[in-house]
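Please work through the following exercises with the sequence and the model at hand. Each task is followed by a worked solution.

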Amino acid sequence: MDYVIHAVRADEWARAKELRLVALQDPVASVAFLETYEQSLARPDAFWQQRAADAAEGTRTRQFVAVAPDGQWVGTVTVLVERPAEGVRFGEAAEVDQTHLVGVFVRPEIRGSGVADAMFQEAVDWSWSLTDPPVERVRLYVHESNPRAAAFYRRIGFVPSGRSVLLEGDPVARELEFEVRRPA
């Protein structure tokens with residue numbers, strides 16, 4: 001695989017914004033993301049600058065991107081650090097120290113190339129590297145109507161936790177929680 005996976009730097013905010021806007025135009029964006037293209041497009045540059053700065057700092061969040069040999073950003077995954085004392089970020093409050101993978105996207109023409117596997121490996125490895133205190137599990141949510149994503153998560157070792165949450169604004173749609181526990 002000729003792609004490079006790296007953590008986003010603060011000065012890369014414009015590229016992070018561009019990739020997010022591409023992701024929000026994907027045909028499955030409505031079941032994969034909690035915001036629309038229009039909402040994201042309306043955000044000021046200061047929002048994107050802060051988002052990239054927070055991800056670069058790497059204490060509460062870290063964003064990884066896949067970069068093609070020609071320099072194009074072709075995929076992304078963001079890791080949120082969740083601690084029991086911090087309250088709810090999405091779904092339920094953390095019962096253990098954990099990370100939460102969000103914002104997963106790979107450009108359609110790159111899917112199946114191993115890029116998603118490499119990004120997830122980097123995100124999970126980074127999660128296990130946290131030591132203050134150590135993370136006990138990595139979780140993510142997948143919309144019940146997104147079987148392609150669910151199959152990928154299962155293939156790389158995530159399993160359904162049995163928990164789910166209703167989507168805000170939709171009384172019947174559910175997000176299913178998947179997890180991987182820290183290896184013994």
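The exercises below go from the whole chain to one helix and then to single residues.

The model is predicted, and local features need pLDDT of at least 70, side-chain atom pairs count only at pLDDT 80 or more, while totals for chains, interfaces and linings use all residues. Residues are numbered from 1 along each chain as its sequence is written, and side-chain values use heavy atoms, with hydrogens and water left out.

**Exercise 1. The overall fold**

Determine how many helices and strands the protein has, and how compact it is for its length.

Step 1. Helices (H or I, at least four residues) and strands (E, at least two) are taken as DSSP runs, numbered from the N terminus. The protein contains 6 helices and 7 strands.

Step 2. Along the sequence, these elements follow the pattern β-α-α-α-α-β-β-β-α-β-α-β-β. The radius of gyration, taken over C-alpha atoms, is to be set against the globule rule of 2.2 Å times the number of residues to the power 0.38. The radius of gyration is 16 Å, close to the 16 Å that the rule gives for 184 residues, so the protein is as compact as a globular protein of that length.

Step 3. Taken along the principal axes, the box filled by the C-alpha atoms is roughly 40 × 40 × 35 Å.

Step 4. With contact defined as heavy atoms within 4.5 Å, consider the pairs of residues at least 6 apart in sequence: 62% of their contacts join residues at least 24 apart.

**Exercise 2. Burial and charge**

State what share of the residues is buried and how the charged side chains are distributed.

Step 1. Buried means under 20% relative accessible area, exposed over 50%, and partly exposed in between (1.4 Å probe, protein chains only). By this criterion, 46% of the 184 residues are buried.

Step 2. Lys and Arg count as positive and Asp and Glu as negative, without His and the chain ends; each charge is placed at NZ of Lys, CZ of Arg, CG of Asp or CD of Glu. There are 21 positive and 28 negative side chains, and the centres of the two sets lie 1 Å apart.

**Exercise 3. The faces of H6**

Identify which residues of helix H6 are buried, and explain why they line one face.

Step 1. Helix H6 spans residues 147-155, and its buried residues are Ala 149, Ala 150, Phe 152 and Tyr 153.

Step 2. Viewed down the axis of H6, these residues fall within an arc of 160°, so they line one face of the helix. The arc is that of the directions from the helix axis to the C-beta atoms.

Step 3. The face turned away from the buried side carries exposed Pro 147 and Arg 155.

Step 4. Cover for the buried residues of H6 includes strand E4 (98-106), helix H5 (115-129), strand E5 (137-143) and strand E7 (174-181).

**Exercise 4. Backbone exceptions**

Locate a positive phi and a cis peptide bond.

Step 1. Most residues other than glycine have a negative phi, and most peptide bonds are trans.

Step 2. Gly 157, just after H6, takes a positive phi of about 110°.

Step 3. Asp 132 and Pro 133 are joined by a cis peptide bond with omega of about -10°. Pro 133 belongs to the loop between H5 and E5.

**Exercise 5. Glu 12, Ala 7 and Glu 86**

Place Glu 12, Ala 7 and Glu 86 in the fold, and decide whether each is buried or partly exposed. Neighbours within four places in sequence are left aside in the contacts of Glu 12, Ala 7 and Glu 86.

Step 1. Glu 12 lies in the loop between strand E1 (4-7) and H1. Its relative accessible area is 8%, so Glu 12 is buried. Glu 12 is in contact with His 6, Ala 7 and Trp 73.

Step 2. Ala 7 is part of strand E1 and, at 23% relative accessibility, is partly exposed. Ala 7 is in contact with Glu 12, Arg 62, Gln 63 and Phe 64.

Step 3. Glu 86 is in the loop between E3 and E4. Its relative accessible area is 39%, so Glu 86 is partly exposed. Glu 86 is in contact with Arg 60 and Val 81.
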